Amino acid sequence: MKLYCLSGHPTLPCNVLKFKSTTIMLDCGLDTTSVLNFLPLPLVHSPRLSKLPGWVSKDGTINLGKELKECAGRVFVDAQPEFCLPERELLDLSTIDVILISNYHCMMALPYITEHTGFTGTVYATEPTLQIGRLLMEELVNFMERVPKAQSATSWKNKEIQRMLPGPLKDAVDVWMWKRCYSMQEVNSALSKVQLVGYSQKVELFGAVQVSPLSSGYSLGSSNWIIQSHHEKVSYVSGSSLLTTHPQPMDQSSLKNSDVLILTGLTQMPTANPDGMLGEFCSNLAMTIRAGGNVLVPCYSSGVIYDLLECLYQFIESANLGTTPFYFISPIANSSLEFSQIFAEWLCHNKQTKVYLPEPPFPHAELIQTNKLKHYPSIHGDFSSEFRQPCVVFTGHPSLRFGDVVHFMELWGKSSLNTIIFTEPDFSYLDALAPYQPLAMKCVYCPIDTRLNFHQVSKLLKEVQPLHVVCPEQYTQPPLTQSHRSDLMLELQPPPMPYRRCSVLNLPFRRRYERIYILPECAVILALT
Amino acid sequence: MPEIKVTPLGAGQDVGRSCILVSIGGKNIMLDCGMHMGYNDDRRFPDFSYITQNGRLTDFLDCVIISHFHLDHCGALPYMSEMVGYDGPIYMTHPTKAICPILLEDFRKITVDKKGETNFFTSQMIKDCMKKVIPLNLHQTVQVDDELEIKAYYAGHVLGAAMVHIKVGSESVVYTGDYNMTPDRHLGAAWIDKCRPDILISESTYATTIRDSKRCRERDFLKKVHESIERGGKVLIPVFALGRAQELCILLETFWERMNLKAPIYFSTGLTEKANHYYKLFITWTNQKIRKTFVQRNMFEFKHIKAFDRSYADNPGPMVVFATPGMLHAGQSLQIFKKWAGNEKNMVIMPGYCVQGTIGHKILNGQRKLEMEGRATLDVKLQVEYMSFSAHADAKGIMQLIRMAEPRNMLLVHGEAVKMEFLKGKIEQEFSIDCYMPANGETTTVTTNPSVPVDISLNLLKREMALGGPLPDPKKPRTMHGTLIMKENSLKLVSSEQALKELGLNEHQLRFTCHVQLQDPHSDADTLHRIYTHLKSVLKGYTIQHLPDGTVIVESIVIKVSSSTEDSNTKVLLLSWSYQDEDLGSFLSSLLKKGLPSGIC
């Protein structure tokens, strides 16, 4: 039994497990941090971005002025942003039998895996994961196709040239693997291979292995997976949360008695307390509005935004923000808000009880009804005529490289009255802001990451007692910037087996028994002694 | 041999008060707990004293499963759990859990407040009962206890209706509840995988009907409503608040829109708004089309359909009224019916099945004079139309489900005996499986034949695989040699050596020894060599050794030669073999008894 590790990103995993003659891919996360190396895609013509000087090496021998632009003291690639894909050379992707998806953030690379690779298997995901995952992919495609950029940049990827570039471009890895965004057609084709599953549903694979999703408490429909035969059990723990937010609580007890537990998707902000961050978010928002400024919240269109809106619902009146307009701008804003209301089965107990009344589970329905929250597909159209300031805008993409957020950065960046509040933990906010410098607007960093922290995970592991733990190597040492914090790593006995991109691990199993059946005809003639 | 027992307490050769007891693998399960619309006395509820004479049911039932929110499937639940007494788990889907208490409360109000009955369950009892409910998700495998697991499948029929698969070990039963196999305007079709249950318990409301296409029925329905409206008549459509009502509302709403009709459509009871809200929030339970488009246009927001007020019934001019309940046995639909029955311009359309004893059932059978309470009679002059919109599987649908699930036995409930008989014949003929149709209180026993799961040690398995030719085909049985150890409810198959080791026993060798006399005028050593050569030529592929100590060994068999004391030409062969080589040993002894061929040197 082997584990092939195709992604080095601990929260956007992509592993392949060979187990009892089946080949199972666990998640296919798409590492989008690569887009930070690209120039933003403005929605309307930006004189600033179009007049940037091209990059020429110091000695003047290399001129990549067409591909690379100098902006705010850094060098950016001037082309359609590209993503860092899971490794495709480590094993033949056409041999994969099934792909198990744990949550909608961890499936964004799906079209790259299922299309053009000869993949003929089945993808398993819960209904909310599929529906919201589809929306997020749609949004990504829409962001890219709305501002087409014909130019592709490849010269800079030449190893000799890349070495000469200034950081962080110089240090970017596997740049040849980076790919442009897929098309809607590829998304549809990929998602047509998804088969829906419910929590604790037992899915038989070829009679050899049984897989079963468990609630992981992180997002709508998010799951951990159990992969087992009659005598061996592997638990795959991806983004999980023990906090009480909107999803159904995490199912911990079913993880017990695992031979191997694969642990990924821990919090990216081990030192930031989500509740504290939420408080800071609210107070900064109120302060800015009171001073007459606007608030920009770059965020994903599903997930924590539901909790933010719920928090604001309670906060608005007490903070006297009743008249402030809240805008949610995304091609999928409406769908995301509507879909969140119809997944009662996947919600926490409190929200389920509301549905029985019957009332919508999330209070953003009321915010919309009372006109406090308005949603628009983009800044064009109705929004431009109804837009009032000061206001609060939720919009994507959190990388600040594409989507409507680019427009607001250009619009509000020059005034110190305005504030940008980062809530998503996926991108370094300083890198995200780099091409917009110098900025006058205030920047507040309140990353809200509800996934398990090291304290919670070690408690969990004590509880469920796996024989062996496999995890990304990042979890086996303290973070680089806080090397003295030995509490920010996994300390286990026996020590966890670390993996990195392109690792192939032999999983330690001791198989001793196998299941057979005695025919009833034979069973009746057996005489016990 | 293990058995599965099925006893209907209700819905056995009958429609109404569905309640079926199943005993499987030592577990007792109650499927549905309904009331009968046709009775107002004790017969209204299933006879729970069948389970136990004295008191509470908790000790006798492992779980209760409710298939959907119709009262003939859940109407007796608070009575059973709170008045008879049951504290174990009750399973139902989320929509059923949401809607069921509302209908129960409605039912309670009609019975207690309007008819003044006492000794009935209270609002508090409904609440207490619902606290015992554990919601089920589709396809989720719920472990009721270590051995009993249940799994729900989509059944169509009404919002949240489910079929359930009940499994203990390798024995299983599927109960369909009510289902339909064709998608309609708001729900999808029932689906189940090839789970091969020992028994499939299916409803059989429309056992003998093969219904024409839905489109035709819809066209008919619209035509009749339209004609009646055109001539100034009033149309009453008795429905249950949730289910068919929404489908017909969608139908009329689009028709009114298209034809630009102005006559008002009303929906009685305050439930409409609320009911439609349930459909909005549980949209994942509706059909594909509604689910796909719900963000742009929600099908359950009606423009033409308004809330009904009692006084509207006397308004002049045409109108369409949806009123509850659906079988005209009580409540608003009955009141309106009494008002309108005398006018032949009016029409009542019964869109679903009516239980025996209800007014709905009577007028559908052509009765034109009805006896009402207090000796009054009512002349029925209005037109009575029957349109089967109730979403049950027809004969074709039931056969289709059998093909999907591939059960070993079939059991029919929730239908009329005569019709069941017909369907039973058809099923037995087409699928060659046994089909049962027990009456209430009658027990059907089915013997099952489960394979016995055993854990085999990997060493033994590998050894067996090395022994015999091609890899074992998982679908073909195969004989193997090993020791079966039964310990703490688990079965292990291991090699004899391992078994001995585990049990701390010494191995005893069992050897067979025999003497064979042979006429062979040679020296002992020569005879032995002749035997060796002979066996070499006969036994190809065996290890045969001629040892210097004067023995020949074939596998574990030892052969020695000595001369008889009386006659040196008579040789006495000593053969000895272990029990494991019994076959070879007895073959050799009979071979050597025949003597050695002369041609050997």
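How many residues of chain A are in contact with how many residues of chain B? Let me begin there, with the reminder that what we have on the screen is a predicted model. In this model 39 residues of chain A are in contact with 45 residues of chain B, and the area buried between chain A and chain B comes to about 3,500 Å², with carbon and sulfur atoms giving 63% of that area. If you want to find the chain A side of this by eye, look for Glu345(A), Tyr356(A) and Tyr513(A), since these lose the most area to chain B and together account for 21% of what the chain A side buries.

On the polar side of the account, 15 residue pairs are in polar contact between chain A and chain B, counting pairs in which both residues have pLDDT 80 or more. As for secondary structure, α8 (333-340), α9 (349-356), β23 (513-518) and α15 (520-525) of chain A each supply at least two residues of the side that touches chain B, and of the elements of chain A it is β23(A) that gives the most, with 6 residues. By class, that side of chain A divides into 21 nonpolar, 9 polar and 9 charged residues. The rule also finds 3 salt bridges across the interface of chain A and chain B, and I would point to Glu149(B) and Lys202(A), whose side chains meet in a salt bridge with a distance of 2.9 Å from N to O.

Let me now turn to chain A by itself. Chain A has 15 helices and 23 strands, and its radius of gyration is 24 Å, close to the 24 Å that the globule rule gives for 529 residues, so chain A is as compact as a globular protein of that length. Along its principal axes the C-alpha trace of chain A spans about 90 × 65 × 50 Å.

The domain assignment splits chain A into domain 1, made of 2-33, 83-157, 171-267 and 452-506, and domain 2, which covers 274-445. The centres of these two domains of chain A, taken over C-alpha atoms, are separated by 27 Å, and 30 residues of domain 1 are in contact with 31 residues of domain 2. Between them, domain 1 and domain 2 of chain A bury about 2,400 Å², of which 72% is on carbon and sulfur atoms; on the domain 1 side, Leu135(A), Phe143(A) and His246(A) lose the most area to domain 2, together 26% of what that side buries.

How many salt bridges are counted between domain 1 and domain 2 of chain A? The count is 1, and you can look at Asp404(A), which forms a salt bridge with Arg146(A), with the closest N and O atoms 3.2 Å apart. There are also 9 residue pairs in polar contact between these two domains of chain A, again with both residues at pLDDT 80 or more, and the side of domain 1 that touches domain 2 has 15 nonpolar, 11 polar and 4 charged residues.

Taking all chains into account, the structure holds 44 salt bridges. One that is worth tracing along the sequence is the pair Asp78(A) and Lys149(A), whose side chains meet at 2.6 Å, N to O. Asp78(A) lies in the loop between β5 (74-77) and β6 (98-100) of chain A, while Lys149(A) lies in the loop between α3 (127-146) and α4 (159-164), so this pair ties together parts that are 71 residues apart in sequence.

Chain B has 16 helices and 30 strands. Its radius of gyration is 37 Å, whereas a compact globule of 601 residues would have a value near 25 Å, and its C-alpha trace spans about 130 × 50 × 45 Å along the principal axes. The domain assignment for chain B gives domain 1 (3-210 and 391-447), domain 2 (214-386), domain 3 (455-503) and domain 4 (511-594), and the C-alpha centres of domain 1 and domain 3 of chain B lie 42 Å apart.

I will close with some backbone details. Gly396(A) and His397(A) are joined by a cis peptide bond, with omega about 0 degrees, and His397(A) sits in the loop between β17 (392-395) and α12 (405-412) of chain A. Another cis peptide bond joins Thr324(B) and Pro325(B), with omega about -10 degrees, and Pro325(B) is in the loop between β15 (319-323) and α9 (331-340) of chain B. Finally, His116(A), in the loop between α2 (110-114) and β7 (122-125) of chain A, has a phi near 60 degrees, which is a positive value in a residue other than glycine.

How values were computed: Residues are numbered from 1 along each chain as its sequence is written. Chains are lettered from A and ligands numbered from 1 in the order in which they are written. This is a predicted model: local features need pLDDT of at least 70, side-chain atom pairs count only at pLDDT 80 or more; totals for chains, interfaces and linings use all residues. Side-chain values use heavy atoms; hydrogens and water are left out. Domain bounds come from an automatic or database domain assignment. Contact means heavy atoms within 4.5 Å. Buried area is the accessible area (1.4 Å probe) that two parts lose on being put together, summed over both. A salt bridge is a side-chain nitrogen of Lys or Arg within 4 Å of a carboxyl oxygen of Asp or Glu. A polar contact is a pair of N or O atoms within 3.5 Å; within protein, one must be able to donate a hydrogen and the other to accept it, and residues adjacent in sequence count only if both atoms are side-chain atoms. Ala, Val, Leu, Ile, Met, Phe, Trp, Tyr, Cys and Pro count as nonpolar, Asp, Glu, Lys and Arg as charged, and the others, Gly among them, as polar. Helices (H or I, at least four residues) and strands (E, at least two) are DSSP runs, numbered from the N terminus. The radius of gyration is taken over C-alpha atoms; the globule rule is 2.2 Å times the number of residues to the power 0.38.
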